[in-house]
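The following dialogue takes a newcomer through a structure step by step. Please keep the sequence and the model in view while reading.

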Amino acid sequence: MNTSATLANSMMLVLLIGATDSVAGALATLLIFAVVVGIYGLCMAPLRSRLSNESLLPVSLVLAATLAGSADIVLQRGALQWHQLISLYAGLIGLQCVVLEHNGFFRRPVRNRLKLCGLFAALMIVLAVLRELIGQGSIGHHLSEHWQGLILFGDGLHFATLAPGAFILLGLLLAARQAWARPSDLPEETHHP
């Protein structure tokens, strides 16, 4: 694994762990992520061939910062409750655009990009639902001021809503995926002295 792929994955991990403490936060983050990354990809497509390697990074930074800042302001003006949940992560989404540009994400076929973004969105929603369900005993608590969410049980395990709980839950999800994907017909190991 090269350094740039590691950087891109670690940037996505910040959004995945930080913004999934509630379903509302995860949905708002995904909305801003989709809008900013989508508009960024559309704007950079005609510019990429006209820019030199030296000027690509500054143009990319300015465009990503402008889009992320604009999305943050629109969210602040339109949905203050959601803005309070994710305001910290709007700048990271702009930075993620620059990292994805550097890794060549926007040069891949559209189908591959949509598949990767879909997998990220699915993982983010699953993690948010599990964290909110385990941590608070309800789902959708912060979606509206007038709705208390779907309450399934009284008290939750608050640790699940914190970042260490998210890392543990993500590790368990990855272990479950790996166990599920493991072929069932593995040969038995034999130990010989």
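Q: What fraction of the residues count as buried?

A: Buried means under 20% relative accessible area, exposed over 50%, and partly exposed in between, computed with a 1.4 Å probe on protein chains only. Of the 193 residues of the protein, 35% count as buried. This is a predicted model, in which local features need pLDDT of at least 70 and side-chain atom pairs count only at pLDDT 80 or more, whereas totals for chains, interfaces and linings use all residues. Residues are numbered from 1 along each chain as its sequence is written, and side-chain values use heavy atoms, with hydrogens and water left out.

Q: How many helices and strands does the protein have, and how do they run from the N terminus on?

A: Helices (H or I, at least four residues) and strands (E, at least two) are DSSP runs, numbered from the N terminus. The protein has 7 helices and 2 strands. Their order from the N terminus is α-α-α-α-α-α-β-β-α.

Q: What share of the contacts in the protein joins residues 24 or more positions apart?

A: Contact means heavy atoms within 4.5 Å. Among contacts with a separation of 6 or more, 64% are between residues 24 or more positions apart.

Q: How should one read the packing of two helices, for example α2 and α3?

A: Two packed helices are described by the angle between their axes and the distance between the axes. Axes are lines fitted to C-alpha atoms, for helices over the stretch in contact, and angles run from 0 to 180 degrees between N-to-C directions. Here α2 and helix α3 (residues 53-78) pack at an angle of about 150°, and their axes are 10 Å apart. That makes α2 roughly antiparallel to α3. The cut-offs are under 35 degrees for roughly parallel, over 145 for roughly antiparallel, 65 to 115 for roughly perpendicular, and oblique for the rest.

Q: Which hand does the crossing of α2 and α3 have, and which residues meet there?

A: A crossing is left-handed if the near helix is turned anticlockwise from the far one by less than a right angle, and right-handed if clockwise. The crossing of α2 past α3 is right-handed. Residues of α2 including Ile-32, Val-36, Met-44 and Leu-47 meet residues of α3 including Leu-56, Val-59, Leu-63 and Leu-75. By type, the residues of this contact of α2 with α3 divide into 15 nonpolar, 1 polar and 1 charged. For this count, Ala, Val, Leu, Ile, Met, Phe, Trp, Tyr, Cys and Pro are nonpolar, Asp, Glu, Lys and Arg are charged, and the others, Gly among them, are polar.

Q: At what angle do α2 and α5 pack?

A: The angle between α2 and α5 is about 40°, with their axes 10 Å apart. That makes α2 oblique to α5. The crossing of α2 and α5 is right-handed. Thr-29, Ile-32, Phe-33, Val-36, Val-37, Tyr-40, Met-44 and Arg-48 of α2 make the contact with Ile-93, Gln-96, Cys-97 and Glu-101 of α5. These residues divide into 8 nonpolar, 2 polar and 2 charged.

Q: Is Met-44 buried or exposed, and which residues is Met-44 in contact with?

A: Met-44, in helix α2, is buried, with a relative accessible area of 0%. Leaving aside neighbours within four places in sequence, Met-44 is in contact with Leu-51, Leu-56, Val-59, Ser-60, Leu-63 and Glu-101. Met-44 and Ser-60 are 16 residues apart in sequence, and their C-alpha atoms are 7.7 Å apart in space.

Q: How many salt bridges does the structure hold, and which side chains meet in them?

A: Side chains of opposite charge can pair when their charged atoms come close. A salt bridge is a side-chain nitrogen of Lys or Arg within 4 Å of a carboxyl oxygen of Asp or Glu. The structure holds 2 salt bridges. In one of them, the side chains of Glu-101 and Arg-48 meet at 2.8 Å, N to O. Glu-101 lies in helix α5 (residues 90-103) and Arg-48 in helix α2 (residues 23-48), so the pair ties together parts that are 53 residues apart in sequence. Glu-101 also meets Arg-107 in a salt bridge, at 3.7 Å, N to O. Through shared partners, Arg-48, Glu-101 and Arg-107 are joined into one network.

Q: Are Glu-101 and Arg-48 buried or exposed?

A: Both Glu-101 and Arg-48 are buried. For Glu-101, the relative accessibility is 4%.
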